[in-house]
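Me: I would like the reasoning behind the labels used for this model, one at a time.

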Amino acid sequence: MTYKIGIDVGGTNTDAVVLDGRRVVASVKSPTTQDVTTGILNALTSVLNDAHHPTVSSVFIGTTHFINAIAQRRNLARVAVVRLATPPQSLGPMVDWPEDLRGAVNGGTYICAGGAQFDGSLLSELDEHSLRGIAEEIRQTDIRHVALSSVFSPVNADPEKRAEEILREELPGVSITPATKVGQVGLLARENAAILNAALLDLAGEVVDGLEKVVCEAGVTAPILLSQNDGTVMTVDRARQFPIFTVASGPTNSMRGAALLTGIDNAVVVDVGGTTSDIGLLQNGFPRESTVALDLAGVRSNFRVPDVLSLALGGGTRISDDGETVGPESVGFRITQEAKVFGGPSLTFTDIAVASGVRGIGEPGAAVDIPSATVSRSLEIAGDLLVRTIDRAKLSSRDVPVIAVGGGASLLSAVPVLEHLNIPENAGVANAVGAAFAEAGAEVDTTVFLDDNLTRSDALDQVKAEAVSLAIEAGADPENVRFIEVEDIPLAYLPGGMRIRVRVVGPFVAPAETAERTK
Amino acid sequence: MRMIDEAALSDITLGATVLGSGGGGDPYLGWLLAREAVRTHGPVPLVDLVDVPDDAYIVFVAGMGAPGALLEKIPRAAEYERIVAEMESYTGRKIDFLCPAEAGGLNAVTPFASAAPTGLPVVDADAMGRAFPFLEMCTPTLHGGSTTPLVMIDEHHNTVCLSTQTNHWAESFTRAAAVASGASAVMALYPMTGSQAKQWLIPGTVTQAEQLGRTIREARDAHTSPVDAVLADQNGTLLFTGKVVDVDRRTERGWTSGTATLSGMDTFEDHSMVVHFQNENLAAVRDGEVIVTTPDLIMALELDTGEPIPAEEIRYGYRVAVIGMPCNPIWRTENGLKLSGPRRFGYDMDFRPIEELT
């Protein structure tokens with residue numbers, strides 16, 4: 001019998017779970033430490049003890065290391081950006097970035113003739129001579145990371161591939177992130193994702209080394225996998241190259257965890273934290289992904305992340321004495337000092353929930369003085385906020401089950417209007433469960449042009465085959481891959497043009513020989 | 001005359017998205033380009049239509065192509081600067097003023113990217129008062145004005161100089177030429193004199209867009225309702241408040257078209273609305289009755305934020321206020337309706353002025 005370990009590193013807590021299939025064998029919450037890895041080691045050691053040192057097949061980790069680095073502009077490397085387009089470009093790389101982030105990351109921007117047209121034909125020949133000149137300029141700097149983008153590379157990636165070869169030849173030891181590998185249609189957004197990825201590479205090396213070290217120190221030799229934004233996992237070797245794929249794994253893991261804990265694959269998930277509730281739609285066990293540009297710490301990017309609506313309602317949300325004002329202010333992580341049920345002075349959503357009968361949080365006696373009118377009015381307002389946001393998260397008017405997870409999940413049982421709410425056991429560690437539930441997968445998002453030689457169904461088959469082979473490469477069980485999404489959208493004003501998007505997943509198959517009994 | 005700076009451009013962009021009536025193209029890249037131009041060359045003078053001398057020479061500047069292509073082949077300042085000289089060389093006349101062709105969407109801001117580097121002023125007017133999908137749907141067409149001589153250029157240094165028999169031909173030729181150049185090009189078109197402009201164009205629409213954008217921004221900053229602010233500030237009518245319960249979207253001949261069905265809220269409880277769109281919102285049907293159609297404006301704003309929702313992006317769950325606004329009277333003439341009325345877009349509906357609602 002082998003077990004999976006799931007770890008979720010959050011802003012406040014590091015959660016760890018041991019899973020036997022879908023069953024949670026042991027779970028632990030431990031404070032996230034400044035260096036992050038000590039907190040992981042503490043949580044891991046503790047949960048392994050609780051589970052009596054099981055045989056571990058793999059360790060799944062969801063971490064906020066990288067998103068925090070971007071948000072705080074810390075530990076970011078400088079990046080040189082090379083764009084294949086028609087020079088000169090007016091809206092150059094990082095044109096729409098916040099100034100402080102651009103200041104931290106900009107290591108020079110270069111434009112080289114190249115790229116493709118919407119139909120895949122060449123925009124202009126790749127100017128190899130000029131590209132080698134750019135490489136020479138980069139060599140004269142201390143920049144070790146390059147982000148490379150190319151116009152219409154999602155339709156024709158050849159110019160970008162050729163430029164990558166040349167840059168690798170000219171700049172040995174310098175990392176190259178081709179934008180086509182990290183983003184979709186939309187040059188600026190795709191390029192932004194590539195630049196952020198390149199800026200995170202030094203940190204990624206350190207983080208992966210640190211994770212390997214602590215997992216080893218905890219006596220586990222099973223492979224380590226990192227959660228990606230789309231609910232699939234990647235190996236640590238891939239994480240060293242593509243840290244950007246982890247930045248939104250938090251919401252994904254909580255939604256995936258909700259599916260695992262309840263056995264419900266189509267639902268609205270409400271992840272209740274201290275300050276906000278994140279609300280998203282689970283479709284076939286995976287989060288529905290956002291279709292619009294994502295604002296990541298002020299940068300527009302377009303890699304796929306869950307479409308999550310954030311509502312300013314959490315355990316620490318402040319409530320006015322008459323119950324008429326619910327948030328948006330929150331006492332946040334100071335809840336355990338500030339809330340009345342924890343002996344503090346502030347009336348919070350947690351106090352209201354306890355006053356209406358929710359148990360297992362703080363001292364219920366401290367909530368008995370809250371006037372019942374305040375309780376009922378604030379719950380009515382909170383219920384209205386929740387129902388409205390849940391409704392927006394849904395795609396159709398059909399009734400959809402609602403699942404609450406997160407540290408504050410139980411608070412929602414106080415809200416009268418949410419009577420059919422599912423609050424699973426272990427809701428508080430849904431993130432870690434979701435991390436361990438991750439599968440391997442791949443997504444292909446491309447644009448094709450149909451003509452006499454290429455029918456729609458041929459085009460779909462080609463893209464599907466490519467996605468399957470990429471998923472298998474990422475570790476998906478070849479016998480059990482399945483399509484999560486197959487979508488084709490005709491392009492406005494472009495006759496014959498069609499955007500095809502295919503997502504494939506399958507259970508992650510760990511190389512058997514690496515699963516060993518822990519010491 | 002007054003100067004349009006970065007802050008004013010932001011307000012114009014937001015307002016132009018509203019006046020786009022669900023279409024007109026996402027002005028984000030146009031705004032970025034104009035913003036960079038203003039940062040480099042300084043603010044752009046905006047001149048009232050009445051102050052334009054009768055013998056002045058005026059042209060529209062506009063981007064043309066597929067929104068999907070623009071996202072990859074992002075616009076360059078070079079073309080927006082060069083188009084002015086190319087048009088002057090083709091027509092043999094010195095251009096005195098630039099003007100937006102449409103008050104809604106991307107092309108409400110692109111003329112500023114040409115004006116900043118050339119030092120030309122922009123006229124506070126346009127030829128639609130909103131956004132429409134075809135070149136000939138401009139007010140000069142109704143007065144016998146011609147789309148051509150027209151110049152179209154692309155980033156490959158290709159130049160198309162066009163002269164056509166009808167404005168509809170101009171649309172057909174430029175559409176084909178834009179695809180040939182990679183579905184992204186820049187045009188100067190509808191050259192006219194100052195006296196013609198005063199008869200043909202809709203005055204004050206740049207200021208209207210700016211005012212609309214500022215109203216929404218200020219309401220957001222003050223945490224009051226942007227929708228109420230827009231209704232109080234503009235000549236708008238609240239057609240409906242409700243939730244999108246169904247969206248049926250089809251792509252026909254390369255055009256996005258479809259319907260959004262809304263279920264009523266607040267004062268519209270127990271009522272329903274269907275909004276028909278083809279790029280732009282074109283008809284609003286309340287409880288089975290057609291209440292507003294193109295060319296009057298139909299705009300869907302997100303209820304809480306006042307954010308204009310493009311027809312391409314509207315989906316289940318949005319809570320929206322649907323606002324109607326009268327179009328310029330010229331569109332309501334017989335010829336105006338032939339060019340822009342519901343039947344022009346294939347709907348079996350008659351135009352009814354929005355004022356008849358009250």
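**Domains, contacts and core**

Reply: In this predicted model, the assignment splits chain A into domain 1 (1–74 + 200–247), domain 2 (77–199), domain 3 (310–429) and domain 4 (440–514).

Me: How far apart are the C-alpha centres of domain 2 and domain 4 of chain A, and what makes up the contact between these domains?

Reply: The C-alpha centres of domain 2 of chain A and domain 4 of chain A are 26 Å apart. Domain 2 of chain A gives seven residues to the contact, and domain 4 of chain A gives seven residues. On the domain 2 side, these are four nonpolar, two polar and one charged.

Me: Why are residues of chain A said to be in contact with chain B?

Reply: The term applies because their C-beta atoms, placed from the backbone, lie within 7 Å of one in the other chain. By that rule, 29 residues of chain A are in contact with 26 residues of chain B. On the chain A side, α6 (187–199) and α12 (372–393) are the elements giving two or more residues; α12(A) gives the most, with three. The classes on that side are 18 nonpolar, seven polar and four charged.

Me: What makes the largest nonpolar core a core?

Reply: Its members are buried nonpolar residues joined through C-beta atoms within 7 Å, so the set of 292 residues is called a core. Among those with the most contacts inside it are A:Leu44, A:Ile7 and B:Phe112. α6(A) supplies the largest share, nine residues.

Me: Which residues does A:Leu44 touch, leaving aside residues up to four places away in sequence?

Reply: A:Leu44 touches A:Ile7, A:Ala16, A:Val214, A:Val215 and A:Ala218.

Note on methods:
Residues numbered from 1 in each chain as written. Chains lettered and ligands numbered in written order. Predicted model: local features only at pLDDT ≥ 70, side-chain atom pairs only at ≥ 80, totals over all residues. Contact = placed C-beta atoms within 7 Å. Helix = DSSP H or I, 4+ residues; strand = E, 2+ residues; numbered from the N terminus. Nonpolar A, V, L, I, M, F, W, Y, C, P; charged D, E, K, R; others polar. Buried ≥ 20, exposed ≤ 12 C-beta atoms within 10 Å, placed from the backbone. Domains from an automatic or database assignment.
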